[in-house]
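Please review the model shown here. The briefing is arranged by topic.

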Amino acid sequence: MRPSLQIGAVALAVGVTCGAVVAVALPDDSTPVARVRASTTTTAPSGPRATTQRSGRAGRPTPTPLKRVVAVPAAQPVGSLTPVRPTVVRRVVAARPEPTRSGAIHLRVRGTIRVEARVADPGGGPAWAVRVFDADRTFDEADGTTRTIGHNRCAQLGRIHRGRFGWLDGEGTFRPTRPSLFTSETVCGSRRPDVNSRPRAEVLRTTSGLRSAEPHLAATVLWGRLGPAAGDVDVRFGARRDATTAGPDGVVLRVGSPDLDPRTVSVTARYGRGTRVEAADPGGLAARLAVRAADPAGGMPYGLSAARGSGGAWCVGPVGRVVDGRSGTLNFRLGTFTEHTGRAFGCAGGARDGRAVPVQSSGGEDLGAEPMYAEGAPAPGRVARRTPPGLAWTAGQARADVRSLTFRTPSDVRTLNPAGPAHAFLVVYAGRFPAGSSELVATLRSGKEQRSPLFLDVR
Amino acid sequence: MSDFLEALERELVAATRRTYGAPATSAVPSAPVPRRLRRAIGAARNASLRTVVATGLLVGVTASAGAAGTVLTLRGSVISAPPKEDVRPEQTPIADTVRVSDLRAADPRAGAPPWTIRIAKGRTGYVCSTVGQVQGGRFGLVGLDGRFRTLDPGASDSCGSPAAERATLVGARVFAARSQRGVRTVVNGLAPSARSVTLTAGGRTRPLRLDPSGAFVAVLAGYPEDLALQVRLTLKDGRVQTESLGTGDPAVVVDPAGGPAWRVQGSMLSGDARSCVSFSWARTAPGAAQSPVVCGVLRPVDATGARRDGAFFAVRRLHGRADAADRRSYARGDWHGRPARTAVWGQVGDEVTSVVILGAPGGEHRVADPSRRPFLAVFPGTVDPRDLRVRITTRDGATTTSRGDTNLTTPPTP
């Protein structure tokens, strides 16, 4: 054999061997996670800065004085919390267009847009910022006309990358954002200094590696606007507690570990001589993942969380997606995750009507129920498995004496045993059920059966 | 690119000539190095930098191609089971117990691998089944990309507890396609206690073969509701089990020409007395035909408004596309250029016992369960709406027959 052919054969053999090793040893689609993990450089939180943007055209910046804004460092000494995960900008793309469908609510900015709070990202990514602006909320009528439905002051959460305000999603894509209700987290409320005694703060988590085999929660973010007249402010964010707000509108912005217990986060304020009011309600129940179910399209698993209610009985929450062992609402478009901690939709302990399955609910992509925000959800198995569009699920809680539950649907028959102390169940189906009949059969420990209709689609 | 290849070829030829023409040097020991290796080393020493770079590139490309091919072959050809933690033990098959049935159901498209069912024992004693195709003796699926991949033995569609008094497993698994024509519904099941199984699809009934374990499988083009699918099992003790896999909802109507099924739906705005009705494909999809919204008033007959009397409906031929102005109006609908259909749709009150469409091809068309629900009847677009009459019978036996749009009001603006 000629030397060139020998070299080629050896190269091919080496390549095939390496390919085999890679196929066996590495998880699918691990590259994004690996890249994120490899990028562990973090920058120290920088001091607060003030910037101003003007709507519609490039305006002359008017510095706004800021009070101190807190970035909880990655090495926050609270138990053994995971540090804020490194987030990097992988690509910068154009801003998303505003939806044009009728019924969409848009913001028409009045006056200037002020960045009132800015804090460095403990994970080394673009700085976090909250900008505030006055805006008319408008509604597109079906006949093509636009109606104004409110005059508000809005706060928008974002990231600042190379001087541009935008949003960094769970896959590392940075998009400049308009003042909008669609492009990043935005809340609108009263223009009055006391915000009608209805301050608003929100707790969310960001994600990283959303399209990888192992997505993670990246950081916990507390943000909101309390209004200029907010007094006696009390902000709890894990082990940290202070009264710091930023800017003339009383903006709150904190960034910390993704493991932060939402029950350790709160924001309260007082207006005039009124009573103390809560701005953030991250939930008061210690939820845990009760049951999980695979995504029929091969994407991230679904989950149902459970928590003990006030009477000690187990309750179940809404159906969500599972990230890092927590169940919550995952907004794939923005890459944000809101854990289902405080809101239970049913507690079997209180049922006295003899039903074997006292808590049962169905939903799906086409039913308007959680988990919503499915737009852009990765479905890596859809091509190989020919998974039909749509999704339906049924979930709930069975009585303790239920041995098994059989779900008879037009798609198939599945028997499950209720799981864990909450005796919860969750079944997820690919596609929809526009016709056909479905039934849930509960088999009790006594051997008796209890049947009830299952509604898995709009009827 | 061709210049580069020609130059590369010249370098390789020159290197080969130098190799075979060059005398052995004293620096290369004659033993124990093999002669071929000596030649290769000699060639390398005599080669120019361009040759070395070109060879390195070739080696790199070959190795990369080999690696990529191996990864694709080993990983891309298998549909793996979901992670263990995401599947309950009751829904997990034991891989060692899987058995592919001898049944084969031909795909409606000639040349596509046939369909069958794989049975396995579950980890908690249940019976599991998986629908798939057989190609070259392997069990798997032809994906949306046209590639066949084997299905991991640890993957299953569903597991159920064995039942003697009815089918253990039965269902209609839907497989998506790039176009509506490619959609497949695979009716399958496992019924050891069954003596016979019949399948009704598109109005035709046929028997299905049972294998010795009681498994059955059939494949059809379209969605279950398009075919009004129904499975009827006759058990060994003579009892009959009927499974509605694509029927059972009076709001879903089969298309007269075998197209997508239709769903009629009603709506009311808060504080508005008008009831409104429209219809579209039962399965929402971009570009689905959407009828105009028609509205009417059903009169309350008690103080609570729970019972209502009256009737309103439209009788129209629907075709074409909405123009840009109409697209913004939810009430005008958009047929999206779909094949024309003649339809009767509306709503009747509680006192109505039957709605019959007269003048349609094939004789009288009786609307199923019309009372106090939106109703719909769809006919081929060749039917002239002027030929249709709607006969409504109320509880007191009174009958009224109408032609064309009846008792309609203008739709409200939401």
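The points below cover confidence, strand pairing and nonpolar cores.

This is a predicted model, in which local features need pLDDT of at least 70, side-chain atom pairs count only at pLDDT 80 or more, and totals for chains, interfaces and linings use all residues. Residues are numbered from 1 along each chain as its sequence is written, while chains are lettered from A and ligands numbered from 1 in the order in which they are written.

**Confidence**

- The model has an ipTM of 0.80 and a pTM of 0.79.
- For chain B the mean pLDDT (the predictor's confidence in each residue, from 0 to 100) is 87, with 84% of residues at 70 or more.
- Residues 19-31 of chain B have pLDDT under 50 throughout. The model has 11 contacts beyond four places in sequence for this stretch, a contact being two residues whose C-beta atoms, placed from the backbone, lie within 7 Å.

**Four-stranded sheet in chain A**

- Strands here are DSSP runs (E, at least two residues), numbered from the N terminus, and two strands pair if DSSP finds at least two bridges between them.
- Chain A contains an open sheet of 4 strands in the order β12-β11-β14-β15, paired antiparallel.
- Because β12 (240-242) and β15 (276-278) of chain A are at the edges with a single partner strand each, one side of each has no neighbour in the sheet.
- From one strand to the next the twist averages 15°; axes are lines fitted to C-alpha atoms, and angles run from 0 to 180 degrees between N-to-C directions.
- Within chain A, β11 (residues 230-237) and β14 (residues 265-271) are antiparallel partners over 6 bridges, and A:Asp234 lies opposite A:Thr268 of β14(A).

**Hairpins in chain A**

- Strands β27(A) and β28(A) form a hairpin with 4 residues between them, and A:Gly447 in the turn has a positive phi of about 95°. The two strands run antiparallel and are joined by 5 bridges, and A:Ala442 has A:Gln450 as its bridge partner in β28(A).
- Strand β27 (residues 439-444) of chain A also pairs antiparallel with β24 (residues 402-408) of chain A over 6 bridges; A:Glu439 is the bridge partner of A:Arg408.
- Another hairpin joins β19(A) and β20(A), again with 4 residues between the strands, and A:Gly335 in its turn has a positive phi of about 75°. These antiparallel strands share 4 bridges, with A:Leu330 bridged to A:Phe337.
- Strand β9 (residues 200-208) of chain A is joined to β20 (residues 336-339) of chain A by 2 bridges in the antiparallel sense, and A:Thr206 has A:Thr336 as bridge partner.

**Four-stranded sheet in chain B**

- In chain B, an open sheet of 4 strands follows the order β11-β10-β13-β14, with antiparallel pairing.
- Its edge strands, β11 (204-208) and β14 (240-244) of chain B, each pair on one side only.
- Neighbouring strands of this sheet are turned by 20° against each other on average, direction ignored.
- Strand β10 (residues 194-201) of chain B runs antiparallel to β11(B), joined by 5 bridges; B:Leu199 is bridged to B:Arg206.

**Nonpolar cores**

- A nonpolar core is a set of buried Ala, Val, Leu, Ile, Met, Phe, Trp, Tyr and Cys residues joined through C-beta atoms within 7 Å, where buried means that 20 or more other C-beta atoms, placed from the backbone, lie within 10 Å of the residue's own.
- The largest nonpolar core has 98 residues, and A:Ala306, A:Trp393 and A:Leu426 have the most contacts inside it.
- At least three residues of this core come from each of domain 1 (11-56 + 66-278) and domain 2 (288-453) of chain A, with bounds from an automatic or database domain assignment.
- Beyond its neighbours within four places in sequence, A:Trp393 contacts residues including A:Tyr302, A:Val319, A:Leu426 and A:Tyr429.
- Another core, of 83 residues, lies apart from that one and includes B:Cys128, B:Ala167, B:Leu227 and B:Ala282.

Terms used: Buried ≥ 20, exposed ≤ 12 C-beta atoms within 10 Å, placed from the backbone.
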